[in-house]
Amino acid sequence: MFPQRLTEGYSSFLHGRLETERARYLDLAAYGQHPDIMLISCGDSRVAPETIFDVGPGEMFVVRNIAGIVPPCDEDPESAFHGTSACVEFCVNALEVSHIVVMGHASCGGVAAYANKTVPLSKRDFIGTWMSQIKPVADKVGPRTGNYAEWIRNMEWGVVEYSMNNLLTFPTVRERVEAGKLTIHGAYFGVATGVLFIRNPDTGAFEPYQE
């Protein structure tokens, strides 16, 4: 049976938002999507970008995977399946977004699993293979020597920076950034606090957003 929570939610949408924003949905169906922002984040159910940024349909192209990682550009497109890379290619080449935001978050299970060398969930260990990409981040942060929360947070911030740098390995991304047509941003969401940290492009520091 289809999850009752979803049918109830759809019913609320059907008789609420769909009715009040009918014109928007008709416009999106007729003219397609034209979001100015691409956001890449973790698939963690506690971190919902559309909720955090209060955006409606058509306003933001969202890509979610384990830990919100962007792999470096692979020049051999037949070497593997490139889900996140395909989304980057589409957003930059087709939608021509002006902003790409990479958002990490506190208590990221993927980062913790790698940092703490957690036992694989399966023999294939898809998670471990995926998270092995962040070895350069772990090497840079170094082993835990003091406060665990601070150490793991530095790892989480490092993954955001790693993904931001990897975006620049995509030729079209780099071209548009250098032409001033695209800006890459880093962000970090505190699940318990609700605080949004934005990476300062000049210092590299993650600073709490203040109105």
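The structure, a predicted model, holds one cavity of 30 Å³ or more. The volume of this largest cavity is about 30 Å³. Its lining is formed by Cys 42, Ala 67, Gly 104, His 105, Cys 108, Val 111, Glu 156 and Val 159. Two elements, strand E3 (99–105) and helix H9 (148–167), each contribute at least two residues to that lining. Sorted by class, the lining of the largest cavity comprises five nonpolar residues, two polar residues and one charged residue.

Open space is also present. Rolling a probe the size of a water molecule over the atoms shows where empty space is left. The largest pocket contains about 320 Å³ of space. A total of 15 residues line the largest pocket, and those nearest its centre are Cys 73, Asp 74, Ser 85, Glu 89 and Phe 170. H5 and H10 are the elements that give two or more residues to this lining. The largest share, six residues, is supplied by H5. By class, the lining of the largest pocket divides into eight nonpolar, four polar and three charged residues.

Helix H5 merits a description of its own. The helix runs through residues 83–94 and has 12 residues. From its first C-alpha to its last, H5 reaches 16 Å, close to the 16 Å expected at 1.5 Å a residue. Its buried residues are Thr 84, Ser 85, Val 88, Cys 91 and Val 92. These buried residues lie on the same side of H5 because they cover an arc of only 130 degrees around the axis. An α-helix has 3.6 residues a turn, so residues three or four places apart point the same way. On the other side of H5, Gly 83 and Glu 89 are exposed. The buried residues of H5 pack against strand E1 (37–42), strand E2 (60–65) and E3, and also against helix H7 (126–131), H9 and helix H10 (171–178). Ser 85 thus appears among the buried residues of H5 and among the residues nearest the centre of the largest pocket. Glu 89, exposed on the other side of H5, is likewise listed among the residues nearest the pocket centre.

The backbone also deserves attention. Most residues other than glycine have a negative phi, and most peptide bonds are trans. Just after H5, Glu 96 takes a positive phi of about 55 degrees. Asp 54, although not a glycine, has a positive phi of about 50 degrees. Asp 54 is located in the loop between helix H4 (49–52) and E2, and this residue is exposed, with a relative accessible area of 68%. In Ser 107, a residue other than glycine, phi is positive and near 60 degrees. Ser 107 belongs to the loop between E3 and helix H6 (109–115).

A further loop residue is Leu 182, which lies between H10 and strand E4 (183–189). Is Leu 182 buried or exposed? Leu 182 is buried, with a relative accessible area of 3%. Leaving aside neighbours within four places in sequence, Leu 182 is in contact with Val 92, Val 97, Ser 98, His 99, Ile 100, Val 173, Arg 176 and Val 177. One of these, Val 92, is also one of the buried residues of H5. Leu 182 and Ile 100 are 82 residues apart in sequence, yet their C-alpha atoms are 7.6 Å apart in space.

Technical notes. Residues are numbered from 1 along each chain as its sequence is written. This is a predicted model: local features need pLDDT of at least 70, side-chain atom pairs count only at pLDDT 80 or more; totals for chains, interfaces and linings use all residues. Side-chain values use heavy atoms; hydrogens and water are left out. On a 1 Å grid over the protein atoms alone, a cavity is a set of points where a 1.4 Å probe fits but cannot get out, and a pocket is an open set with protein on both sides within 12 Å along at least five of seven lines; lining residues have an atom within 4 Å of a point. Grid points are joined across faces, edges and corners, and a volume is the space filled by probe spheres set on the points. Helices (H or I, at least four residues) and strands (E, at least two) are DSSP runs, numbered from the N terminus. Ala, Val, Leu, Ile, Met, Phe, Trp, Tyr, Cys and Pro count as nonpolar, Asp, Glu, Lys and Arg as charged, and the others, Gly among them, as polar. The expected span of a helix is 1.5 Å times one less than its number of residues. Buried means under 20% relative accessible area, exposed over 50%, partly exposed in between (1.4 Å probe, protein chains only). The arc is that of the directions from the helix axis to the C-beta atoms. Contact means heavy atoms within 4.5 Å.
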